[in-house]
Amino acid sequence: MMDLMKRAAADLAKSTYAIALTGAGISTESGIPDFRGPSGIWTKDPEAEKRAYQSYAKFQRNPKEYWEDRLTGPSLLGDLDKMAPNSGHYALAELERMGILKYLITQNIDGLHQKAGNKRVLDYHGNAFKLRCVSCSARFEAREFDLRRLRMEGQLPPLCQRCGDVLKSDVVHFHEPIPADVAQQSLAEAGKCDLMLVCGTSAVVYPFAMLPRVAKQRQLGKEAVLIEINAEPTSLTEGKVSDYLIQGKTGQILPKIVEEVSRISERQPFK
Ligand code: NAD
């Protein structure tokens, strides 16, 4: 495994436009369960998955009821406010500070990459700490709204401060399209990168799972190097979309790779 970590560090040091894709696996070491890993929420409770498939339809049918449910029901992922980044998140933030990682596209809604210090983050499936307008797509910090007071006063759903239409959580639900701005920029980044680090995702949720495939189908005959770091092989491993898999925990592997990148860079400063 050490050999593969050294190979990843050398590939990163050589890259000119590296990006990272992350999924729920990078946050399990912060205490947030994933969905499809061995202790995942869906793995343990398939009914919870079926319920999650109803959220978007409920919002479209009755935004007030959707908000009532969100404010009174249990949170699937626990109290995200209290969660802290782990060594995997910090390693990716360090890689951005070093100027190597140009963008990070995450499926996670937990905001932990931003808490760890990454600045160039695309929240592909939205962010649990934000609300989004259904008409003009403006995002607002959830803390700007006293949602519990709105509920007590019968004022749900919250309304957009820009255009007055209804706000939903910024989190993208099943059957809900990915917001166009994020979808387009993510696609552009995947097309542009010459290295993609794919961390802690089963890569089965589309259209996100298309991004590694886009990085591998570059025009001009140049393909990105695709490195997977995951606890178990995925469809990217099996379909040979990734060049290699470093199997194990992101919180242990990523810091070692970044340490090795720093060591190489002392000998050969980065562009
Ligand atoms: P997933 O649950 O489908 O897959 C997670 C993968 O990570 C699995 O292959 C698992 O074996 C692996 N894994 C678990 N812990 C790991 C670790 N410490 N190191 C390396 N690998 C590890 O997750 P997904 O592919 O991200 O898709 C799930 C969807 O659910 C996403 O759309 C995401 O938005 C959402 N989700 C988000 C969070 C979060 O914000 N933290 C948590 C759960 C689910």
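Biologist: Across the interface of domain 1 and domain 2, how many residue pairs in polar contact does the rule find?

Modeller: A polar contact is a pair of N or O atoms within 3.5 Å; within protein, one must be able to donate a hydrogen and the other to accept it, and residues adjacent in sequence count only if both atoms are side-chain atoms. Here the rule finds one such residue pair across the interface, both at pLDDT 80 or more. This is a predicted model, where local features need pLDDT of at least 70 and side-chain atom pairs count only at pLDDT 80 or more, while totals for chains, interfaces and linings use all residues. Residues are numbered from 1 along each chain as its sequence is written, and side-chain values use heavy atoms, with hydrogens and water left out.

Biologist: Which residue forms a salt bridge with D181?

Modeller: A salt bridge is a side-chain nitrogen of Lys or Arg within 4 Å of a carboxyl oxygen of Asp or Glu. The partner of D181 is R139, with the closest N and O atoms 2.8 Å apart.

Biologist: Where do the two domains run along the chain?

Modeller: Domain bounds come from an automatic or database domain assignment. Domain 1 is 1-32 + 84-125 + 178-271, and domain 2 is 34-76 + 129-170. Their C-alpha centres lie 28 Å apart.

Biologist: What area is buried between domain 1 and domain 2?

Modeller: The size of an interface is often given as the accessible area lost when the parts come together. With a 1.4 Å probe, and summed over both parts, that area is about 740 Å² here, and carbon and sulfur atoms give 51% of it. In domain 1, P179, D181 and E232 lose the most area to domain 2, together 33% of what that side buries.

Biologist: And the ligand: which residues are closest?

Modeller: Counting residues with a heavy atom within 4 Å, 28 surround the ligand, and A24, Q107, H125, T201 and S202 are the closest. Both domains give residues to this shell, so the ligand lies between them. A polar backbone atom of Q107 is 2.4 Å from a ligand oxygen, while a side-chain N or O atom of H125 is 2.6 Å from an oxygen of the ligand. For E29, a polar side-chain atom lies 2.8 Å from a ligand nitrogen.

Technical notes. Buried area = accessible area lost by both parts, 1.4 Å probe.
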